[in-house]
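Me: I would like a close look at one part of the surface of this protein, followed by whatever helps to place that part in the whole chain. Please take it residue by residue where you can.

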Amino acid sequence: MSELDVEAVDDIDAPAGIDAAEYVLYGGKGGVGKTTCAAATALASARDDTTTLVVSTDPAHSLSDTLEADIPATPTRIREDVPLYAAEIDPEAAVGEGPLGVEEDALGGVGELLGGDGMFGGGGAGGGQAQDPIGGEEGLLGGSMPGADEAAALRLLLDYVDDDRFDRVVIDTAPTGHTLRLLELPETMDSMVGKVLQLRERFSGMMDNLTGMFGDDQDVDAEAGIEDLQELSARIEHLRSILQDPRKTDFRIVMVPEELSVVESERLLAQLGEFNIPVSTVVVNRVMQDPSEVLGEDVDIAGPNHADCEFCARRWQVQQDALARSQDMFRGHDVRRVPLFAEEVRGERLLSVVAACLD
C-alpha cells in the first residue's frame, strides 16, 4: 500500500449534519469499530449546530482515543467550534455508588439473609451468584443480576434519556451480549420486586423480629428500597419504550466482512427483533475495497492493491463472500461500507471520511 495522502483526506467533503433519529445506537461484536462509527456520526451531527452527546458504555474506554480528547464520566463539551459533548462511563465509579442507583442495604438487612452478597448477589463484576440458604444457588431474588458494567451503564443512560440539553444522543454500546442484557433488565427488576414482596408477605410474622434485630428504622428502609426498585423498573421500561420507537431510535449494527462477524450480526438482528428494537442500518467496516469506490468519488487515499498483493487479493475474496451473504441477509436494511484504512482512525481527519461513508 502507498502512503496516505493527508492533504487529500482533508479535502474530502465532511458531512454537515446527519439525517438520523434522536437516539443513534451502534452495537455489535467487540472490536468491529462501533466506537469509530459513533464518534464519526456524533461529529457530523454536531457540525450543523445540532447539540449532540456521544456516550460510550464500553468499559474499554476507546472513545477518548478516537476523538483525541479527554472525556470524563459526565457529559462535557469537548469542542469549542461545534456543540459536541461526550461522556465515557466509568463502571467502577458508578458501581461504587450502587450499580443501579439503589443502596445495597436498601432492604434493611433483609437482603443479607437472602444470600451472602445481598440483593445484588449475582451482579458482581465477575458475574458470580450468591449462595442463598433458602433459595439455592440462584437465590430468592431470582437468577443472576446483570454484571456491574452494564448495570452502571444502564443507570447512567437513564440520566441522559429525555435530557433537554441535547438534540441527539449517539451511543457506543458495549459488546453484543452486554447490550442485550441491558434490555432484559425490566423483567429482571420486576422479578426482584415481586419476589421481595412475596417474601415479605410470606414472612410477615418475622418482620417485627427482623426490625428488632436490625434496628427500628430497617423496616422503613426496606419499604424505601422496594419503592426505589419499582421506580427504577419504571424508568428502565421508559428507556426501552424509547428504544422500540423507530421515530426516536435507530440501532445500527456494525460488523466486519468475516464469517463469524456475519453470524454474530445475524444473531443480534434476530435478538433485537425479539425486543422490537428497530434496525435500519448495517455498517460493514474494514472492507478491503478502494476508498474511492466506497465513497463514490475520486479520493487519493491509500487502498489495497489486489493486482500485485496476493494477500490483499485473497483477503478480498474472503470478504466478498461475507459481503454477499450479509447483503442477502440484511436485505431491506441500508447497508453501508467503510473501507480499511492504512492507519488507525483517530481524530477529525479520518473520522470525516468515515462519516462520509456512513452518510
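Reply: On the surface of this predicted model, a patch of negative charge is formed where D290, E293, E297 and D298 gather. One of these residues, D298, sits in the loop that runs between helix 12 (291-295) and helix 13 (310-329). D298 has a relative accessible area of 77%, and it counts as exposed because that value is over the 50% cut-off.

Another acidic residue, E68, can be described in a similar way, since E68 is found in the loop between helix 3 (63-67) and strand 3 (76-77). With a relative accessibility of 54%, E68 is likewise classed as exposed. Although 279 residues separate E68 from G347 along the chain, the C-alpha atoms of the two are 5.7 Å apart. Once the neighbours within four places in sequence are set aside, the contacts of E68 are with R346 and G347.

As for the whole protein, its secondary structure consists of 14 helices and eight strands. Of the contacts with a separation of 6 or more, 75% are between residues 24 or more positions apart; the pair E68 and G347 is in contact and lies 279 residues apart along the chain. Buried residues account for 53% of the 359 residues, whereas D298 and E68 are exposed. The protein as a whole exposes about 16500 Å², of which carbon and sulfur atoms supply 44%.

Methods. Residues are numbered from 1 along each chain as its sequence is written. This is a predicted model: local features need pLDDT of at least 70, side-chain atom pairs count only at pLDDT 80 or more; totals for chains, interfaces and linings use all residues. Side-chain values use heavy atoms; hydrogens and water are left out. Patches are made of residues with over 30% relative accessible area and no salt bridge: like charges are joined within 9 Å, nonpolar side chains (Val, Leu, Ile, Met, Phe, Trp, Tyr) within 5 Å. Accessible areas come from the Shrake-Rupley method with a 1.4 Å probe; for residues, only the protein chains shown count as cover. A salt bridge is a side-chain nitrogen of Lys or Arg within 4 Å of a carboxyl oxygen of Asp or Glu. Lys and Arg count as positive and Asp and Glu as negative; His and the chain ends are not counted. The place of a charge is taken as NZ of Lys, CZ of Arg, CG of Asp or CD of Glu. Helices (H or I, at least four residues) and strands (E, at least two) are DSSP runs, numbered from the N terminus. Buried means under 20% relative accessible area, exposed over 50%, partly exposed in between (1.4 Å probe, protein chains only). Contact means heavy atoms within 4.5 Å.
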